Amino acid sequence: MNWGMIGAGLVMGIAAMGSAIGIGIAGQGAIGAWKRCYLNNKPAPFLLVVFAGAPLTQTIYGFLLMNSMKGKVLEGTLDPLFSLGLGLAAGLAMCMSAVAQGKAGAAGSDALAETGKGFTNYIMVVGLCETVALFAMVFGMIA
């Protein structure tokens, strides 16, 4: 059994699970905010889709790291057990980043729909959550 390839698969799978959870959380926030807008006869900002879709990028980072790890495992330059640990750790970091991003996106959706102001501030917080996944991917590729 090639533990290194399992590690490469884990990073992709765990990151994608986080994306799914984060999108679900942010999507619920966006839908709730739109509902309140409709009930109050206010325009529903389409911009909330940005918050809802933001956690999807962690799947891309997981895919990129998976490909990098897979190549190094096949070349023999990445220890299989290290790859297993790296895949698990980086995948969890990306997963939790996506979940945090979903929560921040839900809060941003609520605030933007209520006030119509502050998009730049809210998206900065969403971006900070994203940074964790970027670091996990880049540091994992350097390993």
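In this predicted model, the axes of helices α4 and α5 come within 8 Å and cross at roughly 175°. An angle over 145 degrees counts as roughly antiparallel, and α4 and α5 are therefore roughly antiparallel to each other. The residues that form the contact of α4 with α5 comprise 17 nonpolar, six polar and one charged.

Both helices also take part in the largest nonpolar core, which has 15 residues. At least two residues of this core come from each of α1 (3-39), α3 (57-75), α4 (80-115) and α5 (119-142). The greatest contribution is that of α3, with five residues. Within the core, the residues that touch the most other members are V11, Y61, L65, M69, A90, M94 and M137.

Y61 deserves a separate description. When its neighbours within four places in sequence are left aside, Y61 is in contact with M94, E130, A133, L134 and M137. Of these partners, M94 and M137 are themselves listed with Y61 among the core residues that touch the most other members. Apart from this core lies another, made up of twelve residues, including A33, F51, A104 and V126.

A further residue to consider is C95, which is found in helix α4. Buried means under 20% relative accessible area; C95 has a relative accessibility of 10% and therefore counts as buried. Residues up to four places away in sequence not being counted, C95 touches I14, A15 and G18. C95 and G13 are 82 residues apart in sequence, while their C-alpha atoms are 9.3 Å apart in space.

Conventions: Residues numbered from 1 in each chain as written. Predicted model: local features only at pLDDT ≥ 70, side-chain atom pairs only at ≥ 80, totals over all residues. Heavy atoms only, no water. Core = buried A, V, L, I, M, F, W, Y, C linked by side-chain atoms within 4.5 Å. Buried < 20%, exposed > 50% of the residue type's maximum accessible area, 1.4 Å probe, protein only. Helix = DSSP H or I, 4+ residues; strand = E, 2+ residues; numbered from the N terminus. Contact = heavy atoms within 4.5 Å. Axes fitted to C-alpha atoms, helices over the stretch in contact; angles between N-to-C directions. Parallel < 35°, antiparallel > 145°, perpendicular 65-115°, else oblique. Nonpolar A, V, L, I, M, F, W, Y, C, P; charged D, E, K, R; others polar.
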